Amino acid sequence: MHGCEDRILSGPIPLYLVTTTELATEHQDSQPWTQATGFRAEANQVCLVPGPGGTLARVLVGRGETLDTWTLGALPQTLPPHSYYLAQDWPAAIATKLWLGWGLGSYRFAPKKRPPDRPPAPQPPPPQNRQGHKPPGGG
């Protein structure tokens with residue numbers, strides 16, 4: 001199974017935070033899949049969109065009107081273990097909040113418990129702006 005995972009998840013997977021309107025206008029190619037799976041871009045709803053040959057093409061995450069630290073907080077424990085990145089450009093302050101939530105969601109304190117069968121998804125790279133520059137303090 002491990003070899004299969006490597007084939008299916010061969011590169012960083014884009015994360016899109018979407019509203020209902022953005023789902024309808026910016027992700028039309030995903031409409032048949034989102035309709036079949038019942039994804040409506042409601043806050044905290046997640047949709048793994050398949051690509052050609054059984055690959056994972058993208059992850060759609062429903063969001064409300066405001067973004068906060070916990071918008072991505074549950075994803076490290078629920079997504080397949082792999083590398084992910086924010087596909088949309090966000091101001092540095094918002095991107096920092098999002099990745100802080102990701103990092104906090106990745107943490108598990110369990111000194112006497114057996115580790116989970118699979119590790120949480122790895123921390124994505126620091127956010128970058130369109131020119132590829134990291135924001136101040138972004139690593």
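This report walks through the strands, an aromatic cluster, a histidine contact and a surface patch of the structure above. Please keep in mind that the model is predicted.

**The strands around E3**

A good place to start is strand E3, which spans residues 56–62. Six of its seven residues are buried, so this strand is mostly covered. E3 has pairing partners in E1 and E2. Strand E1 (residues 13–18) runs parallel to E3 and is joined to it by four bridges. Within this pairing, Leu15 stands opposite Val59 of E3. Strand E2 (residues 46–50) pairs with E3 over five bridges, this time in the antiparallel sense. Here Cys47 has Leu60 in E3 as its bridge partner.

E2 and E3 also make a hairpin, with five residues between the two strands. Gly53 sits in the turn and has a positive phi of about 65°. If you are following the side chains along these strands, it helps to remember that in a regular strand they alternate between the two faces of the sheet.

**The aromatic cluster**

Next come the aromatic rings. Tyr84, Trp99 and Trp102 are linked into a cluster by ring pairs. A pair of aromatic rings is described by the distance of the centres and the angle of the planes. The structure holds two aromatic pairs, set out here:

| Pair | Centre to centre | Angle between planes | Kind |
|---|---|---|---|
| Tyr84 and Trp102 | 5.9 Å | 50° | tilted |
| Trp99 and Trp102 | 5.5 Å | 75° | edge-to-face |

Why is the pair of Tyr84 and Trp102 called tilted? Its planes stand at 50°, and tilted is the term for angles that are neither under 30 degrees nor over 60. This pair links distant parts of the chain, with Tyr84 in strand E4 and Trp102 in helix H5, 18 residues apart. Trp99 and Trp102, by contrast, both lie in helix H5, three residues apart, or about one turn of the helix. Tyr84 and Trp102 are both buried, and Trp99 is buried too.

**A histidine in a loop**

His82 is found in the loop between helix H4 (75–78) and strand E4 (84–86). Is His82 buried or exposed? It counts as buried because its relative accessibility is 12%, and the cut-off is under 20%. The side chain of His82 reaches the backbone oxygen of Gly11 at 2.5 Å.

**A nonpolar patch on the surface**

Finally, Trp70, Leu100 and Leu104 make a nonpolar surface patch of about 330 Å². Leu100 belongs to helix H5 (residues 92–106). With a relative accessible area of 47%, Leu100 is partly exposed.

Conventions: Residues numbered from 1 in each chain as written. Predicted model: local features only at pLDDT ≥ 70, side-chain atom pairs only at ≥ 80, totals over all residues. Heavy atoms only, no water. Patch = residues over 30% accessible without salt bridge, like charges linked within 9 Å, V, L, I, M, F, W, Y side chains within 5 Å. Areas by Shrake-Rupley, 256 points an atom, 1.4 Å probe, with all protein chains shown as cover. Salt bridge = Lys/Arg side-chain N within 4 Å of Asp/Glu carboxyl O. Buried < 20%, exposed > 50% of the residue type's maximum accessible area, 1.4 Å probe, protein only. Polar contact = N/O pair within 3.5 Å; in protein donor to acceptor, adjacent residues only side chain to side chain. Pairing = 2+ DSSP bridges. Phe/Tyr/Trp six-rings, centres within 6.5 Å; stacked < 30°, edge-to-face > 60°.
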